[in-house]
Amino acid sequence: MNSGSSLRVEKATALKTAIKRTYVLDTNVLLHDPMAVTAFKQHHLVIPMTVLEELDHIKDRYEKTVSREARIAIKMIDKVVESASPQEIQSGVAIPGSTLEGYPAGTLAIYPDQRLSPNIDVPYLDGTQDQANDNRIINVALKLQAENPKEFICLVTKDINMRIKAKGSGLMQVEDYRRDRVLDDIDLLAKGYEHIEGDFWSTISEVDTLREGDCTLHRIPLSALPQAYPNMFLYDDQEFMAFVKRVDRDYIYLRCDSRDNLMNRRFWGLAPRNLEQAMAMSVLNDDGVDMTVMTGPAGSGKTLLALAYGLHAILEQGKFSKLIVARSTPPIAEEIGFLPGTEEEKMAPWLAAFDDNLEILHGADESCRGSINYVKERANIQFKSLNFMRGRSFNNAYIIIDEAQGLTQFQLKSVISRVGADSKIVVLGNLAQIDNKYISPLTSGLTYLVEKSKAYPHAGIMHVNGIVRSRLAAFAEENL
């Protein structure tokens, strides 16, 4: 190697070394994503001893969801440091799978923050007992910043108040955990349909028509609509209405439909009140769609549509043998509490919305309550807590997951992976009503599910807009 090449290599090595950053992780990051230690690639991770103590305390909690994630995080950390010496653990152990081409592997270190004490030269947070753990973690980042003033030292936490405290204490770099963000703006979230202004066909220069079975498809170049994905609807200002049957490398295959045909659909006596509801009903009834994700504001009819289709599919079409209804239970889907009774009776307060919707569907019956009880028995409706769905396999079932906006990606994945053969799952949620303090619309598992599944040929996405519950509900959603 000549001297010029050697110099370039040395400069490249120096540059790569210079951009290595240090991130101090808070406990909630590891609970939110137990595999977070693999997310920072070539950088240096520091986990304070306080974080390990909190994980150790949480792993034995009664709440199954959060304790399970704590155990996974602990096992992941142990996998990295199990064969390292105490000195290596404190300085940094290489993280398997964190190597990027041309970059050194990322490292993980455990910081013994129990040894920290006030120092006149370093900012130091003290506080009450309930603030102690957060303050000790912040103190680790402050200490590292004081010792390495020219390096990038950053605290990563899902806790907004902790980020404010850290900045107020003098920490220069504080961030939210962003690996789970699939969008930069929630307005970019897939809706399951696209409105084309003017006349759609006037924008298409090339089209072929082909026959597949009893279905006529129009094939247009993917370049004409590069944002298209399977099972979405397209409509324009004229009479054009089409369904994207599939998408390949070069083409989009459209099945033309009509608004009248969509609006005349009926499930268990329920008719659509707007075009979005009609399109949602079409996706629900598609045998090629195993999972439907419906988003939209409160009162838009998501739950009613999902329930009506379930009764229609089970009792009129015989497609499924049971209807399973589940939703997250506060706090953060961790427990259903110590209410007396069976699992269904414990879940009743959280699933009252389904009884309300059954009343809407049978409100005109001579004996509304008798009809509801009859339908519950005939359709084999089962109310489940998400905690008790793990480890099971639901075959020949129609499954509704309600209020999914407060679930993490990890939680939703564990639920959807339970769906067995000949089953369909419908996931519902309103991203404007998230009550999980560590989740925002951009980091919700529901947002992640929409974006990751929209290209899957057996998934359907639909944003149901328009408040049909009442004019007061519409006012509240838009103005309060």
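Visitor: What share of the contacts with a separation of 6 or more is between residues 24 or more positions apart?
Guide: Keep in mind that we're looking at a predicted model. Take the contacts in the chain with a separation of 6 or more, then pick out those between residues 24 or more positions apart. That share comes to 67%.

Visitor: How many of the residues in the chain are buried, as a percentage?
Guide: A residue goes in the buried pile when its relative accessible area is under 20%. The chain has 480 residues to sort, and the buried share is 50%.

Visitor: Is Gly445 buried or exposed?
Guide: You'll find Gly445 in helix 15, residues 445-453. Its relative accessibility is 1%, and the cut-off for buried is under 20%. So Gly445 counts as buried.

Visitor: Which residue has its C-alpha atom 7.4 Å from that of Gly445?
Guide: Don't look among the sequence neighbours, since this residue sits 39 residues away along the chain. Leaving out residues up to four places away, Gly445 touches Leu407, Thr408, Gln409 and Leu412. The C-alpha atom at 7.4 Å belongs to Gly406.

Visitor: Where do the buried residues of helix 7 sit around its axis?
Guide: Helix 7 covers residues 160-168, and its buried residues are Met162, Arg163 and Ala166. They span an arc of only 105 degrees around the axis, so they lie on the same side of helix 7.

Visitor: Which exposed residues are on the face of helix 7 turned away from its buried side?
Guide: The buried side has cover that includes helix 6, strand 5 and strand 6. Now flip to the face turned away from that side. The exposed residues there are Ile164 and Gly168.

Visitor: Which residue caps the N-terminal end of helix 7?
Guide: Look for a side-chain oxygen that lies 3.0 Å from the backbone nitrogen of Asn161. The residue that owns this oxygen is Asp159.

Visitor: Which residues of strand 10 are buried?
Guide: Side chains in a regular strand alternate between the two faces of the sheet. In strand 10, both faces are covered. One side has Phe233 and Tyr235, and the other, buried as well, has Leu234 and Asp236.

Visitor: Which residue in strand 11 stands opposite Phe233?
Guide: Strand 10 runs parallel to strand 7, with four bridges, and there Phe233 is the bridge partner of Tyr193. Strand 11 runs antiparallel to strand 10, with three bridges, after a hairpin of four residues. In strand 11, the residue opposite Phe233 is Phe243.

Terms used: Residues numbered from 1 in each chain as written. Predicted model: local features only at pLDDT ≥ 70, side-chain atom pairs only at ≥ 80, totals over all residues. Heavy atoms only, no water. Buried < 20%, exposed > 50% of the residue type's maximum accessible area, 1.4 Å probe, protein only. Helix = DSSP H or I, 4+ residues; strand = E, 2+ residues; numbered from the N terminus. Arc of directions from axis to C-beta. Contact = heavy atoms within 4.5 Å. Polar contact = N/O pair within 3.5 Å; in protein donor to acceptor, adjacent residues only side chain to side chain. Pairing = 2+ DSSP bridges.
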